[in-house]
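Grab a pencil and get the viewer ready. Try each exercise yourself before you read its solution.

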Amino acid sequence: SKASAASITVPTLTSMPALLKIFDEARAREKFTDEGSTVRHAMLEYEKAILGAIADANITLHKFSEIENDLTVLENAYSYSVQTLQQEQRMFRAGRVDVHTLLDAHRSRLRAHELLLKGQVAKWIAAISIRRAFAGGI
């Protein structure tokens, strides 16, 4: 029993600084591990946010491209309606069509102009969405 008692060392006041140093190192290691996991977690969150922003930007660019294609069709329709109106005005002056036909041509041109304006607004909104997607929602 004396041998077992001799193998057990009781910390004395002189060995306390060494024990405190060991505990401090353990706490520092634990803190470093916690900070490392916090940094890893932050990096994963950042990566997730960046990938989400890239996906949003890709979707927004695709929508913008579709809107530009639609806008081209609307511009062609408006141009056609203007030509049709001019033709109907010439025919009205020549007495070949009545006033109702001329008014229908005016209404068609106004509808085409309204759709063209709505298409232009949609294009600007899509451009703003692209900027937001690349600027991080500012």
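Below are four short exercises on this predicted model, each with a worked solution.

**Exercise 1. Work out how many helices and strands the chain has, and in which order the elements run.**

Step 1: Count the elements. You should get three helices and zero strands.
Step 2: Start at the N terminus and walk along the chain. The order reads α-α-α.
Step 3: Put residue numbers on two of them. Helix α2 covers residues 16–93, and helix α3 covers residues 99–135.

**Exercise 2. Find what share of the residues is buried, and what supplies the exposed area.**

Step 1: Recall the cut-off: a residue is buried if its relative accessible area is under 20%.
Step 2: Apply that to the 138 residues of the chain, and 13% count as buried.
Step 3: Now look at the outside. The chain exposes about 11,200 Å², and carbon and sulfur atoms supply 63% of that area.
Step 4: For the contacts, take those with a separation of 6 or more. Residues 24 or more positions apart account for 69% of them.

**Exercise 3. Which parts of the chain does the salt bridge between Glu-68 and Lys-123 tie together?**

Step 1: Check the distance. The closest N and O atoms of Glu-68 and Lys-123 are 3.7 Å apart, and the cut-off for a salt bridge is 4 Å.
Step 2: Place both partners. Glu-68 sits in helix α2 and Lys-123 in helix α3, so the pair links parts that are 55 residues apart in sequence.
Step 3: Ask how covered they are. Glu-68 is partly exposed at 32% relative accessibility, and Lys-123 is partly exposed too, at 28%.

**Exercise 4. Track down the other salt bridges, and say how far apart in helix α3 the partners are.**

Step 1: Get the total. Searching the whole structure turns up three salt bridges.
Step 2: Take Asp-104 and Arg-107, whose side chains meet at 2.4 Å, N to O. These two are three residues apart in helix α3, so about one helical turn separates them.
Step 3: Go on to Glu-114 and Lys-118, with their closest N and O atoms 3.4 Å apart. Here the partners are four residues apart in helix α3, which again means about one helical turn.
Step 4: Finish with accessibility. Asp-104 is partly exposed at 39%, and so is Arg-107 at 45%. Glu-114 is partly exposed at 41%, while Lys-118 counts as exposed because its 51% is over the 50% cut-off.

Note on methods:
Residues numbered from 1 in each chain as written. Predicted model: local features only at pLDDT ≥ 70, side-chain atom pairs only at ≥ 80, totals over all residues. Heavy atoms only, no water. Buried < 20%, exposed > 50% of the residue type's maximum accessible area, 1.4 Å probe, protein only. Contact = heavy atoms within 4.5 Å. Areas by Shrake-Rupley, 256 points an atom, 1.4 Å probe, with all protein chains shown as cover.
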